[in-house]
Amino acid sequence: MPLVTTTEMFKKAYDGGYAIGAFNVNNMEIVQGITEACQETHSPVILQVSKGARAYANHTYLIKLVEAAVIENPEIPIALHLDHGDSFELCKSCIDGGFTSVMIDMSSRPFEENIEETKKVVEYAHAHGVVVEAELGTLEGVEDEVVVEAGQASYTRPEEVEEFVTRTGCDSLAIAIGTSHGAYKFRPEQCTRNEKGILVPPPLRFDVLEEVSKRLPGFPIVLHGSSSVPQDFVAMVNQYGGNMPDAIGIPEEQLRKAAAMSVCKINIDSDIRLAMTANIRKHFAEHPEHFDPRQYLKPARAAVKEMVAHKIINVLGSNDKI
Ligand SMILES: [Zn+2]
């Protein structure tokens, strides 16, 4: 099937109590690892591209890689989404260039400006058969070159969501309930430590999610910054010459709970980076004589595939939903 929008995916996910994984792609190995996992687990998927990824790999290369994945996996519904569009022009360029979904992120702007800019993108996107994700509330952390300092983030205010969705006409809404971008989602002083000395983060604000869902029945909610930062990858990075002390993510059981509620899209990027980097580091440590990129990218790609399959089955619940 050709690239699809997220409309049908989200409807089924909402009704079925699961979520679709939105995985960030930058290169061939990541596209292959993700889509091979989806093929094996029979899961729909959102491949998403950030402004930074587009600058790194070039729009045409990314589009052609995703088109190749569509051809190789004909029975898997695949949507191509712009992650964190920061202007109408960027969104328009992706809509004109073959994306089936875009995000316009004006969450750092005042409420009225967020509505105006989002509405403008929605009008253009809908006229071209493309869906739009918007955002209310801001997340902490690092997303490409955008850094939101601790203390500058704010939870979504449930009392704003109905007016925002009605006036903008957006198709899905990203909210801030305590997830965060990057591999260091929480400072140690925000956390407790378990008996192994590993940081335990504060729980997500499910009360905010519940209130938002009550006000927007049937409407798909999106969680950004939802990597779990698996501690075995962090340990592997550190064992083989890396230095990532106290890297920490969102516990998988909390994401599973959100997926069973109104959350229909869960964004995962850092875990892909960690899977690749941990395995490349390990490979070089064990095979210092290797210099063919295929030798170390092959296990890195396999690790991405295994990690994504695990997410699909154990966190998202989107397996066997095609
Ligand atoms: Zn994000």
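Which residue in β13 is the bridge partner of A22? In this predicted model, the bridge partner of A22 in β13 is N267, and that pairing is a useful place to begin, since the strand β13 takes part in the barrel described below.

## The barrel

Eight strands close into a barrel, and going round it their order is β1-β2-β3-β4-β5-β8-β12-β13, with parallel pairing. From one strand to the next, the twist averages 25 degrees. As a general point, the strands of a sheet pair through backbone hydrogen bonds, and they may do so in either the parallel or the antiparallel sense.

## Strand β13 and its partners

Strand β13 covers residues 263–268, and it pairs in the parallel sense with strand β1, residues 20–24, over four bridges. Within this pairing I20 has K265 of β13 as its bridge partner, while A22 is matched with N267. Strand β13 also pairs with strand β12, residues 221–223, to which it is joined by three bridges, and these two strands run parallel as well. Here the bridge partner of L223 is I266 of β13.

Is β13 largely enclosed by the rest of the structure, or is it open? Six of the six residues of β13 are buried, and therefore the strand is largely enclosed by the rest of the structure.

## Strand β3 and its partners

A similar account can be given for strand β3, which spans residues 78–85 and has eight of its eight residues buried, so that this strand is largely enclosed by the rest of the structure. Six bridges join β3 to strand β2, residues 45–50, and the two run parallel. Strand β3 is also joined to strand β4, residues 101–104, by three bridges, again with the strands running parallel.

One residue of β3 can be followed into both of these pairings. H81 in β3 stands opposite Q48, and H81 also has S101 of β4 as a bridge partner.

## The nonpolar core

The largest nonpolar core has 94 residues, and those with the most contacts inside it are I34, L47, V102, L173 and V304. Helix α12, residues 293–316, gives the most to this core, contributing nine residues.

What does I34 touch, once residues up to four places away in sequence are not counted? The residues that I34 touches are F23, V25, V45, L47, V304 and V308. Two of these names, L47 and V304, also appear in the list of residues with the most contacts inside the core.

## How helix α11 packs

Two packed helices are described by the angle between their axes and by the distance between those axes. Helix α11, residues 270–286, packs with α12 at an angle of about 145 degrees, with the axes 8 Å apart, and the crossing of these two helices is right-handed. The contact is made on the α11 side by D271, I272, A275, M276, N279, I280, H283 and F284, and on the α12 side by Y296, P299, A300, A303, V304 and M307. Sorted by class, this contact has 11 nonpolar, two polar and one charged residues.

Helix α11 also packs with helix α9, residues 231–239, at an angle of about 35 degrees and with the axes 8 Å apart, and in this case the crossing is left-handed. Helix α9 brings F233, V234, M236 and V237 to the contact, whereas α11 brings L274, A275, T277, A278, R281 and K282. The residues of this contact divide into seven nonpolar, one polar and two charged.

## Two loop residues

G137 has its place in the loop between β5 and β6, whereas F291 lies in the loop between α11 and α12. Is G137 buried or exposed? G137 is buried, because 21 other C-beta atoms lie within 10 Å, and a residue counts as buried when that number is 20 or more. F291, by contrast, is exposed, because it has 9 other C-beta atoms within 10 Å, and a residue counts as exposed when that number is 12 or fewer.

Leaving aside its neighbours within four places in sequence, G137 is in contact with S107, S154, Y155, T156, I175 and A176. The C-alpha atoms of G137 and R109 are separated by 9.9 Å, although these residues are 28 residues apart along the chain. For F291, the separation from P110 is 181 residues in sequence and 51 Å in space, taken from C-alpha to C-alpha.

Definitions and conventions. Residues are numbered from 1 along each chain as its sequence is written. This is a predicted model: local features need pLDDT of at least 70, side-chain atom pairs count only at pLDDT 80 or more; totals for chains, interfaces and linings use all residues. A nonpolar core is a set of buried Ala, Val, Leu, Ile, Met, Phe, Trp, Tyr and Cys residues joined through C-beta atoms within 7 Å. Two residues are in contact if their C-beta atoms, placed from the backbone, lie within 7 Å. Two strands pair if DSSP finds at least two bridges between them. Axes are lines fitted to C-alpha atoms, for helices over the stretch in contact, and angles run from 0 to 180 degrees between N-to-C directions. A crossing is left-handed if the near helix is turned anticlockwise from the far one by less than a right angle, and right-handed if clockwise. Ala, Val, Leu, Ile, Met, Phe, Trp, Tyr, Cys and Pro count as nonpolar, Asp, Glu, Lys and Arg as charged, and the others, Gly among them, as polar.
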